[in-house]
Amino acid sequence: NNASSRSSSSSSSSSSSSRSSSNRTALLTELASLVCAAAQPCAQPCAQHVLFISRYTLYTRTWLGYLYYKREMRKAREHYPAGHSRAQPVEFNGIKIIPISVLSDNYSYLVIDTASSVAVAVDPADPQTVQAVLKEEGVMLEAIFCTHKHWDHSGGNKGLKRLHSSCRVYGNATDNIPGLTHPLSHRDSITVGRMQFKALFTPGHTVGHMIYLLDGRTIGAPSSLFSGDLVFLSGCGRIFEGSATTMLSSLDIVGSLSDDTLLWPGHEYAEDNLLFAAEVEPRNAARENKYQWVLQQRGRKLCTVRMMHRHCYASLACRPKRGFMLSGTWEEGLITSLQHMCCQMPECSLSSHLVLFLGLPSSFICGTVGSTAKVQHLEN
Ligand SMILES: [Zn+2]
């Protein structure tokens, strides 16, 4: 849900004439600027944090959040009539994965068993757009997999369910998923057509965040991870609801997956993440190569999803205010980094990104190597 904070600066310049409309704009802008990175208190709770919790509660618990989501969806449809990115579907032995660009930088996915013409939709946030693809493909929607409650992931559940009444809606019960019919626990299995999925409980971004792993073994293909807002190419989600330790455990689940797992994240954040990584590690060639590739892709409006996660690398990088330095073991550093994400650094919208980028072996992903010391000396 980082997108909302990023768009806040541009939406705040609205010059609405009527008072009530400007109040509404201010409220929506407030909702949009979820810049304070976590719901749990800093070492020294501040007024900003209290304000953040109020805004976040309004966004996640009340109809104001839903109105905000609807407004963002309208804006995105005007802005990107053909979507923010061009879809590049892939097919493995009759299992087709179609990324669908929705809102300003979200991805929904359709996973289709072409033999039985049944589909799963992952986070179908814009029901109209997802329905158009279902129709084009001529398939039946059998299940919705919802990663978490944020409207930019769950907002389309009920709309699609109305169109496909037998469709099952999966997610974690602690996350207030709209339209939920099938609550899931960690490592629950779900079968749709020939497709075997495993749901993995990965709290931190929200209390009930789930990710979904399509088992590649049954279809003679690499496994595919639909990671929602837990992990993106070169970054991870904000810790809105949980501690750094919780988030690290969730990231470790991704780190433990097989090396050839394909990553299908919930947002197109790679360029921003790698731009930030460049500030932290300017001389890292792997980071630079990845960044150049991402620029090429984005120059042609192509997705950067579907990256092999085996090459991901966690860098202990979190934007410093002044001379922030990470030291100690890999895990200590990572936790420090994640905790730092919990404290707001509103001057930089990229500050909340833990940097993960391609180039080093998978054993380095997300703190799975606890004993490796890595010290980042950062200048003021
Ligand atoms: Zn989110």
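**Close-up views of helix α6, the nonpolar core and L274**

**View 1. The surroundings of helix α6.** The buried residues of α6 are covered by elements that include β2 (95-102), β3 (106-113), β4 (118-122), β5 (140-145) and α8 (157-163), where helices are DSSP runs of H or I of at least four residues and strands are runs of E of at least two, numbered from the N terminus. This is a predicted model, in which local features need pLDDT of at least 70 and side-chain atom pairs count only at pLDDT 80 or more, while totals for chains, interfaces and linings use all residues. Residues are numbered from 1 along each chain as its sequence is written.

**View 2. The two faces of α6.** In α6 (residues 127-137), P127, T129, V130, V133 and L134 are buried, a residue being buried if 20 or more other C-beta atoms, placed from the backbone, lie within 10 Å of its own and exposed if 12 or fewer do. These residues lie on the same side of α6 because they cover an arc of only 165 degrees around the axis, the arc being that of the directions from the helix axis to the C-beta atoms. The exposed residues A132, K135 and E136 are carried by the face turned away from the buried side of α6, and G138, just after the helix, takes a positive phi of about 65 degrees.

**View 3. The setting of L274.** L274, placed in helix α10 (residues 270-280), is buried, with 26 other C-beta atoms within 10 Å. From L274 to E288 the C-alpha to C-alpha separation is 8.2 Å, and the two are 14 residues apart in sequence.

Conventions: Contact = placed C-beta atoms within 7 Å.
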